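Reader: I'd like to go through this one with you at the bench. Can you show it to me first, and then I'll ask how you arrive at the words you use?

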Amino acid sequence: MSPWLWLLCILIPSLIILIFIVLFIFIKRNRGHGYFLSKCSAFTRVRFDHLEQRRQTYCPADKKCQCHTKHSSSHIEPNLSCTHRSPTLYMSFAGAAMIVGGVKTTEWRGSISKLHDHAHNQFDVLFLTDPAQCFYLQDPNYQWDGLKYCRELVKLYSTLYQRVILIGASLGGSMVCMCADLATISIAFNPILDPTLLGLPWRIMGAYCPARQAHVIREQVKITMKKINSKTLNRDCVLHIHWSQLSAADRRQAHRIIRSDEEKKSKQTKCLTSVLDFDIDSHFMNSLTGVHIWFHSSGRHALAMHLKRVDQLVPLLRRHLYDILENCRDNTSQEGQQSNTNRASLSVKIHEIDENDVRMTLI
Ligand SMILES: [Zn+2]
């Protein structure tokens, strides 16, 4: 055998081993963020304990509370005898791991904390993630029972708290829209109401959902919106949806429930209270009933992240939660808070109407 052949025989296996080592280190380092595992789970529908442990993270405001499991767990059962609860519970549904660069166990934490900066009141938060990256439709046992699992969770917490606020973006926003009739205030950014309308890159890199399961989302959103808008619920209940008007993906989702000029009137139009360009000063922003759609002059699907970067997210949320924050505010901090809201209102530009406009006022 020639020396060159010997060299090749040593080099090739060494190179393969080196590639595997680099890959192993890379995955190991990123495992903490759950990015690779969540993608793996999304495609194979295999249950990974490492991800399931991050499904729920409960953060009570009262640090004396020892009634719940300390760490994240897939099955946190609320302790019915707990006496440390705050009046308000936020339930945060995290979005796609691809968008946020890994599985976030405490998405929205910073923004929620800022909301209560000037308020005396405390709040508890239950952070939820979707280990299967499939619109929360996989329950912890992977039996496609996620909708029932999430709705029962929201329903139970609604009986334990004075008010429950749901918040989520993208696939997290989808579950917010599916459970909104059980909460007090629900805020969804760029929700995906029909996964079959997603483009191929989204379905590969974002979140893939089988057609049969996509039907579950469409039906539940319709039922939820109808319930809220018919005002048959015996308490106040509101759903705010924010979409980016210049994003083709968002427009496709919006057209599921809003008619455009060319299309016939959608049945679901009846379920909406208002469809408007985003205006932070609109009186619908702090409405406590109905389904309100807001269009932002933005081309980004990750609208909440963009708004956060330009310091417009907290003022927006503050408007939606105005009554809750106002009720609980300490008198001494009232002036400071008011000036903050005013400053924020001025900083938000009201954008011009676009030719792809899908707005319409329904009332
Ligand atoms: Zn407790």
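Reader: Why does aspartate 311 count as buried or exposed, whichever it is?

Author: Quick background first: this is a predicted model, where local features need pLDDT of at least 70, side-chain atom pairs count only at pLDDT 80 or more, and totals for chains, interfaces and linings use all residues. Residues are numbered from 1 along each chain as its sequence is written. Now the rule: a residue is buried if 20 or more other C-beta atoms lie within 10 Å of its own, exposed if 12 or fewer, and partly exposed in between, with C-beta atoms placed from the backbone. Aspartate 311 has 12 C-beta neighbours inside 10 Å, so it counts as exposed. You'll find aspartate 311 in the loop between helix H11 (303-309) and helix H12 (313-320). Helices here are DSSP runs of H or I with at least four residues, strands are runs of E with at least two, and both are numbered from the N terminus.

Reader: And what makes arginine 45 buried, exposed or something in between?

Author: Arginine 45 has 14 other C-beta atoms within 10 Å, so it is partly exposed. Arginine 45 sits in the loop between helix H2 (35-44) and helix H3 (49-52). Leaving aside neighbours within four places in sequence, arginine 45 is in contact with Ala132 and Tyr142; contact means that the two C-beta atoms, placed from the backbone, lie within 7 Å.

Reader: What is notable about phi of phenylalanine 135?

Author: Phi there is near 60°, a positive value in a residue other than glycine. Most residues other than glycine have a negative phi. Aspartate 311 also has phi near 60°. Phenylalanine 135 lies in the loop between strand E3 (123-128) and helix H6 (146-160), and with 28 other C-beta atoms within 10 Å it is buried.

Reader: Which residues have the most contacts inside the largest nonpolar core?

Author: They are Met91, Phe135, Leu166, Val176, Cys177, Cys179 and Ala183, in a core of 79 residues. A nonpolar core is a set of buried Ala, Val, Leu, Ile, Met, Phe, Trp, Tyr and Cys residues joined through C-beta atoms within 7 Å. H7 gives the most to this core, with 6 residues.

Reader: How do you know that H7 is mostly covered?

Author: Just count: 9 of its 9 residues are buried. The cover over them includes strand E2 (88-93), H6, strand E4 (163-169), strand E5 (185-189), H9 and strand E6 (238-244). Cysteine 177, for one, is in contact with Ala188, Pro191, Leu193, Val221, Thr224, Leu239 and Ile241, leaving aside its neighbours within four places in sequence.

Reader: Why are H7 and H9 called oblique to each other?

Author: The axes of H7 (residues 171-179) and H9 (residues 211-229) come within 7 Å and cross at roughly 45°. Angles under 35 degrees count as roughly parallel, over 145 as roughly antiparallel, 65 to 115 as roughly perpendicular and the rest as oblique. H7 and H9 are therefore oblique. Ser174, Cys177 and Met178 of H7 make the contact with Ile217, Gln220, Val221 and Thr224 of H9.

Reader: What does the UniProt annotation "transmembrane region" cover?

Author: In the unreviewed UniProt entry, that annotation covers residues 6-27 and 164-189; such annotations may be inferred rather than shown by experiment. In the model, residues 164-189 are 35% helix and 42% strand, with the end C-alpha atoms 17 Å apart.

How values were computed: Axes are lines fitted to C-alpha atoms, for helices over the stretch in contact, and angles run from 0 to 180 degrees between N-to-C directions.
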